[in-house]
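Hi,

Here is the structure I promised to pass on. Have a look at it first, and my notes follow underneath.

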There are 2 protein chains.
Amino acid sequence: MSTDIDTSSKSLSGKRISESTINRLSLYYRALSLLEKEGYETVSSKVLARREKLTPAQVRKDLSFFGSFGTRGLGYPVADLKKEIAVILGIDRVWRVALVGIGNIGSALVSYKEFARQGFQIVKLFDNDQRKIGSNHKGIIVSDINNLATELAEDNIEMVVLTVPATVAQYIVDEIVKAGIKAILNFAPVNLKVPDDIYLRNENMSMELEYLSFAIVNNHTQKKVKL
Amino acid sequence: MSTDIDTSSKSLSGKRISESTINRLSLYYRALSLLEKEGYETVSSKVLARREKLTPAQVRKDLSFFGSFGTRGLGYPVADLKKEIAVILGIDRVWRVALVGIGNIGSALVSYKEFARQGFQIVKLFDNDQRKIGSNHKGIIVSDINNLATELAEDNIEMVVLTVPATVAQYIVDEIVKAGIKAILNFAPVNLKVPDDIYLRNENMSMELEYLSFAIVNNHTQKKVKL
DNA sequence: AATGTAATGTGAAAAGCTTCACAATTGAAT
DNA sequence: ATTCAATTGTGAAGCTTTTCACATTACATT
Ligand SMILES: NC(=O)c1ccc[n+]([C@@H]2O[C@H](COP(=O)([O-])OP(=O)(O)OC[C@H]3O[C@@H](n4cnc5c(N)ncnc54)[C@H](O)[C@@H]3O)[C@@H](O)[C@H]2O)c1
Ligand SMILES: NC(=O)c1ccc[n+]([C@@H]2O[C@H](COP(=O)([O-])OP(=O)(O)OC[C@H]3O[C@@H](n4cnc5c(N)ncnc54)[C@H](O)[C@@H]3O)[C@@H](O)[C@H]2O)c1
């Protein structure tokens, strides 16, 4: 047993948390939000697992990387665990996000209230189309892409959502990196080159449809593919 | 059963193909399309890997699950390999897709020409909003959600893209399943329950933003960029 | 024909991730 | 106070995926 006073969360130094674990934390967070609304005070790994189609062992293992949040015999305190996960994921704060490319998908994302509710506030929009620059989208005036660097800095932007055509995505991402942004969510179906210290995630919808196509054609089972 | 002579593709019975391998096939396909446009006739696993930030061994291993498509000393024939992958993924044909929920994100997806170019043709739209039913989106008249089952069948729809509010997603998905659809791409941030024989994929954008948030806050060293 | 070079295809090793299984702990019931 | 039931936290086992390394093959050059 530990003799010192344990402040629930563990130090992560030296530990490598897998991408899958991080993604599952998002699922736990979502499930806990719902459980909280439904009035649950505690939840077992078994119930939490069932809610997101995972296994109880997986839930416990994932959480154990970050601390001991549960009570043996009882389960996890819903509200507290939710807060803990928010801290781990870094969503216990507001992130100032800019979006570049106010086209079809960009407009849809700006209108999406759930992002702001999760702490991701889109506060800046950029485009290169003169008809769009200066126009108002959900209370935000679209800025000229030529002012990207200065306005990103002025507004303390920390993340950028990129929804420009694939043909210009690499050029724009280079500008975003030059401006000092460290995290980018890209929707263009192209493999962007960024320095090692930039966090880049890609949203690839065609890939998901192609997965479905493969599944049907090869008569494959959801988790483990059997041909 | 089959007494066919062996064609270039391997017999895959009993072999398990990982989800990652399938996803990487999509990336190879994308890279090959580009290489073809650029005029390349052959490509080595080394070059193909560099194009999508993977390793040459991974490329060769992935492809080897499905056959021997390359020539030692030379590499892979670009156009042929592209066709082979199209067959494997089942995108050497047109898929008839319906979209349910013509809101912000649904409208963006309907306008997205790249899907059709990849063989995913959105040919049917459904909504429950009287102001939307009967209206024209990119040449498609929005149908009443109440006619879902009959119209999906009449139109030989094989996949559904679901872009309705999270609160009604489970109800709608039940109807879609009842109508005999086997593949669904869901955008609502909710864990949908479907029978084992239904292929369901989820597009979760909040999860990607939360990953970025985690990465920044924890100064997370990423092994690889998420596909 | 022989040699050199490039690059595949693939078993085997290494690394990574998930599941197992159980001691430990808590709260409730007797 | 003791027993019982529930459930966590975790090392170890089991499984999957990735990487390694090299024999093999094809073509070009001499
Ligand atoms: N629409 C979808 O459903 C969908 C789905 C998946 C992926 N995508 C991808 O998302 C991206 C955007 O798609 P879309 O359908 O919204 O396209 P779109 O043409 O509607 O929007 C692109 C926007 O980017 C702006 N833009 C172009 N060049 C720019 C530049 N140099 N600087 C700043 N802004 C610039 C345009 O003015 C336009 O507003 C594309 O890469 C597309 O492949 C779209
Ligand atoms: N907008 C985004 O950028 C975004 C991003 C990620 C996820 N999502 C998710 O996608 C879904 C749609 O988001 P949105 O922003 O487009 O919302 P939206 O409200 O603009 O669109 C939803 C559409 O579904 C229709 N609808 C509602 N109930 C229906 C029913 N019973 N049958 C048929 N149609 C019905 C509505 O009439 C509307 O047209 C939501 O689940 C949302 O969480 C949206």
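Which residues are closest to ligand 1, and how many surround it? The shell has 23 residues, and the closest are A:Ile105, A:Asp127, A:Lys132, A:Val164 and B:Tyr112. (A residue is near a molecule or strand if one of its heavy atoms lies within 4 Å of it.)

Before the rest, some housekeeping. This is a predicted model, so local features need pLDDT of at least 70 and side-chain atom pairs count only at pLDDT 80 or more, while totals for chains, interfaces and linings use all residues. Residues are numbered from 1 along each chain as its sequence is written, chains are lettered from A and ligands numbered from 1 in the order in which they are written, and side-chain values use heavy atoms, with hydrogens and water left out.

Ligand 1

Ligand 1 sits between chains A and B. Polar contacts here are pairs of N or O atoms within 3.5 Å; within protein, one must be able to donate a hydrogen and the other to accept it, and residues adjacent in sequence count only if both atoms are side-chain atoms. On the chain A side, a polar backbone atom of A:Asn104 is 2.9 Å from an oxygen atom of ligand 1, and a backbone N or O atom of A:Ile105 also lies 2.9 Å from an oxygen atom of the ligand. From chain B, a polar backbone atom of B:Ala108 is 3.1 Å from an oxygen atom of ligand 1. On its own the ligand exposes 820 Å², and the protein buries 85% of that. (Accessible areas come from the Shrake-Rupley method with a 1.4 Å probe; for residues, only the protein chains shown count as cover.)

In terms of elements, α5 (104-110) and α8 (166-178) of chain A and α5 (104-110) of chain B each supply at least two residues of the shell around ligand 1. α8(A) gives the most, with three residues. Helices are DSSP runs of H or I with at least four residues, strands are runs of E with at least two, and both are numbered from the N terminus. By class, the shell around ligand 1 has 15 nonpolar, five polar and three charged residues. Ala, Val, Leu, Ile, Met, Phe, Trp, Tyr, Cys and Pro count as nonpolar, Asp, Glu, Lys and Arg as charged, and the others, Gly among them, as polar.

Ligand 2

Residues from chains A and B surround ligand 2, so this site is shared between chains. Of its 23 surrounding residues, A:Tyr112, B:Asn104, B:Asp127, B:Lys132 and B:Val164 come nearest. An N or O atom in the side chain of A:Tyr112 is 2.6 Å from an oxygen atom of ligand 2. Chain B adds backbone contacts to ligand oxygen atoms, with B:Asn104 at 2.9 Å and B:Ile102 at 3.4 Å. The protein covers 85% of the 820 Å² of accessible area that ligand 2 has on its own. The largest share of this shell, three residues, comes from α8(B).

DNA strand D

There are 27 residues around DNA strand D, and the closest are A:Ser45, A:Arg60, A:Tyr76, B:Arg16 and B:Arg72. Of the strand's atoms within 4 Å of the protein, 63% belong to sugar or phosphate and the rest to bases. A polar side-chain atom of B:Arg16 lies 2.9 Å from a phosphate oxygen, whereas an N or O atom in the side chain of B:Arg72 is 2.8 Å from a base oxygen. α3(B) supplies the largest share of the surface near the strand, four residues. That surface has four nonpolar, 13 polar and 10 charged residues.

The A/B interface

The contact (heavy atoms within 4.5 Å) takes 73 residues from chain B and 69 residues from chain A. The two chains bury about 6,900 Å² between them, 61% of it on carbon and sulfur atoms; buried area is the accessible area (1.4 Å probe) that two parts lose on being put together, summed over both. In chain B, B:Tyr199, B:Leu209 and B:Glu210 lose the most area to chain A, together 10% of what that side buries.

Two salt bridges cross the interface, counting a side-chain nitrogen of Lys or Arg within 4 Å of a carboxyl oxygen of Asp or Glu. One of them joins A:Arg201 and B:Glu208, with the closest N and O atoms 2.8 Å apart. There are also 24 residue pairs in polar contact across the interface (both at pLDDT 80 or more). Helix α9 (residues 205-218) of chain B gives the most to the side of chain B that touches chain A, with 14 residues.

Cheers
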